[in-house]
Amino acid sequence: MAYLATFFWGWLVASLLLGLAMGWIAVVHRGRVVSHRVSWWLAALAAALVGAAFARIVPGRPGYWLDLGLIMCALYLAGCAVGSWLRDWVVSHSPPPA
Amino acid sequence: MHGLFRWSRKWWPGLVPLAVLWAIAAWTSTEPLEADLVARSTAALKDTVLDKPKIAVEGRDISFAAHAFSEDGRRSAVAAVEAVPGGRLVNDETGLVPEATPYVWSAERDVVRVTLGGSSPLPASKGKLLEAARAALGGVEVADQMNLSRGAPPRFDNAALLLLDQIAKLKDGKITLSDTKVSLAGMARELGGREAIAAALRNLPEGYLVAANDIRAPPYIFQAYKDPVAVTLTLTGYVPDNTVHASLVSAAGRKFFSEKVVDNLKASLGAPAGFANAVVPALGALSRLSTGTLVVSDREVKLSGDALYEAAANEIRAGLGKDFPQGWQYKADISVKPAAAPVDATVCQQLFADLLGKGQIRFESGRTDIVADSAGLLDGLIETALRCPNANIEIAGHTDTVGDEVSNQTLSEKRAQAVADYLVKAGLPANRFMPVGYGSMQPVASNDTDEGKAQNRRIDFVVR
């Protein structure tokens, strides 16, 4: 993992920044939300992919692409969480509009 | 926390650019990553001895194929590849180098190249053998057809290196090492090469033995040419050592009483057994010819030329006497020199004096047996006697003054008689010869010196 992080830090940082931006926007965004049912399906899909990655059942290049995708996804989600939390903090501490 | 869950339901739009990023990252990074892993895996195996190592990377999965020289070596090589950072899986396709039984290694030499074949235990020893072959063989091309195999006998490298030195001594041939047994076949490059190889094989490492040594050598040649015009005896070719060389040259000096001996002999190993015992009597036979060539090739003696008269030719054709060694072949191609024109008694006397001035008939010390070295001189005397068939000849025996006069007288008479008998045996009529003994009464030189005594011990031919 450390090897991959040093090898592709550019892509990983890009995923993180994308997550931060998305998280920042999500707090005040009024767009569509994912339904509960879809969320569960997505969580199950993510769990299955993580399981496949740790079990190393996907061989060769697809296996590598899966690892890469999951790491980027994880950093994106981490970025989203931090971004949303920051935006929320900024919103709750700013003076109400006059 | 509840907020986070609520917000997360609106994070999905970012997944679209994330997927694009992911696709670009996968597209651009896969090959550099694979190349990097190949380089790291190769570097990890740098100090491991393997045959035909092959590393292929797909994504982060490393396929590692190689032949190791031991189970420990194989395991440590796999562990080294597994420890490469970034690798995900190692497909272990390694095995052990095949074991050879029997363990055969060979070196074969033909006109243009030396081919090393069979098995060698490690890449290092294979390299060492090739390097040694190139060094030992000078500019000769060395072809490598050696495989790597396990199961070499102990001290294999030392044995093979020693055998490589021997291949350099061959003109063509093959040396095979099968387990610890050495077989050799072929033709040595030089005379004595066979012996040099046999001597070197005694230094094979302990436990190795020579199963078959069929190395042949070029023929061992000795030649002698008697030239009646230049009055020389030319010796060429090889003799086993300096002792035999000296004894052959001195024997030639005794047998060829009037010829100058031209000695072009060289000492070399590889002489067949009984060399001197065969060559000395053959030189004796050559000394009886007016002109002739003696060729000794390995164990074959060929003599050709002209004898001085028929009886001599028959004797020479018959063989070289009891000293001629067993296992040797003798081929004589002898003709008889045309009889010289008859001469009168005076000329005959002159011819006898000329011959006896160049050499003396010699006897065993204190006895009446004529030594074999005098055969050539006696043939000359007989040929001369044949040229004056009407002359009667006194064969006069003389001694020096050593010993008492009576025994000297008897000895001189018996020696004169022995010479007369020899001439009669050669076919001359007995009534032409009068053997007479003079004891020490007619010295031709002082009896005070050894030289003078030697001159006084003589047989004279006097035409009456």
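Two residues are in contact here if their C-beta atoms, placed from the backbone, lie within 7 Å. Keep that in mind for this tour, and note that the model is predicted.

**Stop 1: Leu286(B)**

Select Leu286(B) and look beyond the four places on either side of it in sequence: the residues it touches are Ala224(B), Lys226(B), Gly292(B), Leu294(B) and Leu303(B).

Now widen the selection to the largest nonpolar core, which has 87 residues. Leu286(B) is one of the members that touch the most others, and Ala160(B), Leu163(B), Val279(B), Ala282(B), Leu283(B) and Ile395(B) share that distinction. Which helix gives the most to this core? Colour residues 275–287 of chain B to find out: this is α8, and it supplies eight residues.

Another core, of 25 residues, lies apart from this one. To find it, pick out Phe8(A), Leu12(A), Met72(A) and Ala25(B), which are among its members.

**Stop 2: where the chains meet**

Show both chains next. The contact between them draws on 35 residues of chain A and 27 of chain B. On chain B, at least two residues of the touching side come from each of α1 (2–8) and α2 (15–44). The top contributor to that side is α2(B), with nine residues. Colour this side of chain B by class and you will find 14 nonpolar, seven polar and six charged residues.

**Stop 3: a helix pair across the chains**

Stay with α2(B) and add α4 of chain A, residues 60–93. The two axes come within 10 Å and cross at roughly 140 degrees. Is the pair oblique or roughly antiparallel? Angles over 145 degrees count as roughly antiparallel, so α4(A) is oblique to α2(B). The crossing of α4(A) past α2(B) is right-handed.

To see the contact itself, show side chains on both helices. From α4(A), select Arg61(A), Tyr64(A), Trp65(A), Leu68(A), Gly69(A), Met72(A), Cys73(A) and Tyr76(A). From α2(B), select Leu18(B), Leu21(B), Trp22(B), Ala25(B), Ala26(B) and Thr30(B). By class, this helix contact has eleven nonpolar residues, two polar and one charged.

**Stop 4: Pro53(B)**

Finish in strand β1 of chain B, residues 50–58, where you will find Pro53(B). Is Pro53(B) buried or partly exposed? A buried residue needs 20 or more other C-beta atoms within 10 Å; Pro53(B) has 18, so it is partly exposed.

Leaving out neighbours within four places in sequence, Pro53(B) is in contact with Leu45(B) and Ala66(B). As a last step, draw a C-alpha to C-alpha distance from Pro53(B) to Ala68(B): the two are 8.8 Å apart in space and 15 residues apart in sequence.

Notes:
Residues numbered from 1 in each chain as written. Chains lettered and ligands numbered in written order. Predicted model: local features only at pLDDT ≥ 70, side-chain atom pairs only at ≥ 80, totals over all residues. Helix = DSSP H or I, 4+ residues; strand = E, 2+ residues; numbered from the N terminus. Nonpolar A, V, L, I, M, F, W, Y, C, P; charged D, E, K, R; others polar. Core = buried A, V, L, I, M, F, W, Y, C linked by C-beta atoms within 7 Å. Buried ≥ 20, exposed ≤ 12 C-beta atoms within 10 Å, placed from the backbone. Axes fitted to C-alpha atoms, helices over the stretch in contact; angles between N-to-C directions. Parallel < 35°, antiparallel > 145°, perpendicular 65-115°, else oblique. Left-handed = near helix turned anticlockwise from the far one by under 90°.
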